[in-house]
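User: I would like to go through this model with you, one topic at a time. Could we begin with the aromatic residues?

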Amino acid sequence: MLAPYNQLTLQQKKQIIDVFNSGMECRNIPNYMGVSNRSVARVLSEASVNTKRKNRYTLDESYFDVINSTKKAYLLGLMAADGCVTKTNYIAFESIDIELTKILIDELQYSGEMRTIKPGIYKSHYRINFSSQRLAKALSKYGVVTGRMFTGDFYFPRQSKYLAAYLLGYFDGDGCAYVNKGRSGGLVCIVGAWEFSYELVKLLNMGSVQEHQLKKVYYWRIYSREHIEAFYNFVYSDSSLGLQRKKQKIKQILGSYKRG
């Protein structure tokens with residue numbers, strides 16, 4: 001007799017997931033494991049395993065259903081900057097910073113492959129990609145859709161504690177900080193669509209927008225010590241988040257101003 005779900009041990013549940021991820025078809029698992037068909041389906045469903053996809057990996061497909069932590073807000077901002085979500089539920093993320101890709105892998109509990117892309121003379125990129133209808137639907141709700149740079153789709157959390165983390169994630173993905181050579185000060189900027197950039201000016205009550213040489217792409221920019229310091233204090237309110245190299249660059253800008 002095949003064992004029903006309520007008789008399964010934790011070890012059996014783990015083994016069901018393991019044999020599926022190793023390549024065994026769902027229809028063959030019941031006889032191999034001595035469990036019922038419904039047991040297999042329920043165990044895989046509870047583990048957020050999409051049994052319809054060809055690639056075998058686990059994934060927390062409910063992760064972005066609700067943004068209820070600063071880390072989720074940060075990663076949502078990162079996805080908005082460097083992620084891709086298509087109408088066919090294909091999701092990809094690519095960054096030159098391996099630590100950002102690894103954070104996303106850990107949070108999504110993604111067991112698939114991280115690929116290293118070496119585009120000629122440029123820095124290596126670190127990429128993950130997968131398909132998930134649920135994740136794609138959640139991300140699209142927050143404006144992470146194909147062609148958003150040209151359609152003007154964007155999203156900002158209205159709660160300050162999540163707005164700061166979201167903006168830091170976006171900055172780590174599509175932001176820059178430059179120190180002026182030979183003089184004090186510098187520039188902090190974020191790349192985005194026109195709608196995104198102008199909304200950012202209103203939300204933070206500072207900055208200006210300049211069109212990039214590539215049409216439909218704009219920069220939100222701040223120059224003054226007052227604005228750069230205010231931006232720094234806002235986005236780095238959660239010390240556990242953010243790329244250290246960009247944080248140090250802004251600190252370098254602030255340290256270059258003469259006091260008094």
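Aromatic rings and helix packing

Analyst: This is a predicted model. Within it, ring pairs join Tyr142, Phe154, Tyr155, Phe156, Tyr166, Tyr170 and Phe196 into a cluster.

User: How many aromatic pairs are there by this rule?

Analyst: The count comes to 12 aromatic pairs. One of them is formed by tryptophan 194 and tyrosine 198, whose ring centres are 4.5 Å apart. Their planes are at 35 degrees, so the pair is tilted.

User: How many residues apart are tryptophan 194 and tyrosine 198 in helix 9?

Analyst: They are four residues apart in helix 9 (residues 194-204), and therefore separated by about one helical turn.

User: Are tryptophan 194 and tyrosine 198 buried or exposed?

Analyst: Tryptophan 194 is partly exposed, with a relative accessible area of 41%. Tyrosine 198 also counts as partly exposed, at 37% relative accessibility.

User: Changing topic: at what angle do the axes of helix 4 and helix 5 cross?

Analyst: The axes of helix 4 (residues 70-82) and helix 5 (residues 98-108) cross at roughly 125 degrees and come within 11 Å. The two helices are therefore oblique to each other, and their crossing is left-handed.

User: Which residues meet there?

Analyst: From helix 4, Lys71, Tyr74, Leu75, Leu78 and Met79 meet Leu100, Ile103, Leu104 and Glu107 of helix 5. By type, the residues of this contact divide into seven nonpolar, no polar and two charged.

User: Staying with helix 4, is alanine 80 buried or exposed?

Analyst: Alanine 80, which lies in helix 4, is buried, with a relative accessible area of 8%.

User: What is alanine 80 in contact with, leaving aside its neighbours within four places in sequence?

Analyst: Its contacts are then with Val144, Arg148, Tyr166 and Tyr170. Tyr166 and Tyr170 also belong to the aromatic cluster. In addition, the C-alpha atoms of alanine 80 and aspartate 174 are separated by 9.1 Å, although these residues are 94 residues apart along the chain.

User: One last residue: where is valine 235, and is it buried or exposed?

Analyst: Valine 235 is in helix 10 (residues 225-235). At 2% relative accessibility, valine 235 counts as buried, because the limit for that class is under 20%.

User: And which residues is valine 235 in contact with?

Analyst: Apart from neighbours within four places in sequence, valine 235 is in contact with Ala164, Leu167 and Leu168. Between valine 235 and isoleucine 222, 13 residues apart in sequence, the C-alpha to C-alpha distance is 14 Å.

Key:
Residues are numbered from 1 along each chain as its sequence is written. This is a predicted model: local features need pLDDT of at least 70, side-chain atom pairs count only at pLDDT 80 or more; totals for chains, interfaces and linings use all residues. Side-chain values use heavy atoms; hydrogens and water are left out. Axes are lines fitted to C-alpha atoms, for helices over the stretch in contact, and angles run from 0 to 180 degrees between N-to-C directions. Angles under 35 degrees count as roughly parallel, over 145 as roughly antiparallel, 65 to 115 as roughly perpendicular and the rest as oblique. A crossing is left-handed if the near helix is turned anticlockwise from the far one by less than a right angle, and right-handed if clockwise. Contact means heavy atoms within 4.5 Å. Ala, Val, Leu, Ile, Met, Phe, Trp, Tyr, Cys and Pro count as nonpolar, Asp, Glu, Lys and Arg as charged, and the others, Gly among them, as polar. Buried means under 20% relative accessible area, exposed over 50%, partly exposed in between (1.4 Å probe, protein chains only). Rings of Phe, Tyr and Trp (its six-membered ring) pair if their centres lie within 6.5 Å; planes under 30 degrees apart count as stacked, over 60 as edge-to-face and the rest as tilted.
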